[in-house]
Amino acid sequence: MKSANGVKLELKQLPSPIPFKGLGFRDTLDVPNHQALSRSLEFMERNYTRPIQVADVVIASEMSRRGFLKAFRKFFGRAPGLFIRQARIELAKRLLTEHDLPLKTIASITGFRSHNSFYVAFHRETGVTPKTFQRHAWLSVYRSASFRKNSQFQEVIQ
């Protein structure tokens with residue numbers, strides 16, 4: 001199968017670094033008796049870390065564009081592009097929290113075409129820049145670790 005921009009994509013590609021279930025998406029995505037939406041979800045789950053477009057998901061669903069978009073919105077209450085972006089942002093949040101990687105690398109890992117498009121999408125979705133999010137996350141971890149250390153110290157004194 002070829003994507004809208006000519007990149008060869010297949011349903012049986014390597015699994016994503018963090019599957020939808022790990023991001024909290026797959027638990028709510030039960031699509032009984034709708035094979036086309038199931039195919040599109042499987043495709044998105046395997047390829048959301050690549051620079052795919054909605055046109056690629058439509059091709060994977062084997063439906064018309066209009067029919068697919070209508071069915072997707074009906075079942076999930078949001079557009080497939082927003083769904084993909086939210087999955088990418090959730091992965092980016094994990095990477096920012098757990099690793100000290102350059103924004104260009106995180107943008108590439110999460111499937112954004114450029115670090116600028118990643119920055120803009122992240123800021124729109126979360127209300128803060130990626131680095132601000134990372135600083136707050138790390139500060140929160142540091143404070144909780146310091147609190148635990150001080151609490152243990154207080155127990156020893158008493």
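How much accessible surface does the protein chain have, and what share of that surface belongs to carbon and sulfur atoms? The total comes to about 9600 Å², with 53% of it belonging to carbon and sulfur atoms. Like everything else here, these values come from a predicted model.

The overall layout is easy to describe. The protein chain has 8 helices and 0 strands, so reading along the sequence simply gives α-α-α-α-α-α-α-α. Of its 158 residues, 37% count as buried. Contacts often link distant parts of the sequence: taking those with a separation of 6 or more, 63% are between residues 24 or more positions apart.

Helix H4 is a good place to look in detail. This helix runs over residues 65–76, and its 12 residues should span 16 Å at 1.5 Å a residue; the end C-alpha atoms are indeed 16 Å apart, so the two figures agree. Which residues of H4 are buried? They are Phe68, Ala71, Phe72 and Phe76. These four cover an arc of only 105 degrees around the axis, and therefore sit on the same side of H4. The spacing fits a general rule: an α-helix has 3.6 residues a turn, so residues three or four places apart point the same way. Over on the other side of H4, Arg66, Lys70 and Lys74 are exposed.

What do the buried residues of H4 pack against? Their partners are three helices, namely H2 (35–47), H3 (54–61) and H5 (80–98). Just past the end of H4 comes Gly77, with a positive phi of about 70 degrees.

H5, one of those partners, has 19 residues. From first C-alpha to last it reaches 27 Å, close to the 27 Å expected at 1.5 Å a residue. Its buried residues include Phe83, Ile84, Ile89, Leu91, Leu95 and Leu96, but also Gln86 and Arg88.

Arg88 turns up again at the largest pocket, which has a volume of about 220 Å³ and a lining of 13 residues, with Arg88 among those nearest its centre. The others lying nearest the centre are Ile52, Arg85, Gly111 and Phe112. Where does the largest share of this lining come from? That share, 4 residues, is supplied by H5. Helix H7 (115–126) takes part too: H5 and H7 each supply at least two residues of the lining. H5 thus appears in both parts of the picture, packing with the buried residues of H4 and lining the largest pocket.

How values were computed
Residues are numbered from 1 along each chain as its sequence is written. This is a predicted model: local features need pLDDT of at least 70, side-chain atom pairs count only at pLDDT 80 or more; totals for chains, interfaces and linings use all residues. Side-chain values use heavy atoms; hydrogens and water are left out. Buried means under 20% relative accessible area, exposed over 50%, partly exposed in between (1.4 Å probe, protein chains only). Contact means heavy atoms within 4.5 Å. Accessible areas come from the Shrake-Rupley method with a 1.4 Å probe; for residues, only the protein chains shown count as cover. The expected span of a helix is 1.5 Å times one less than its number of residues. The arc is that of the directions from the helix axis to the C-beta atoms. On a 1 Å grid over the protein atoms alone, a cavity is a set of points where a 1.4 Å probe fits but cannot get out, and a pocket is an open set with protein on both sides within 12 Å along at least five of seven lines; lining residues have an atom within 4 Å of a point. Grid points are joined across faces, edges and corners, and a volume is the space filled by probe spheres set on the points.
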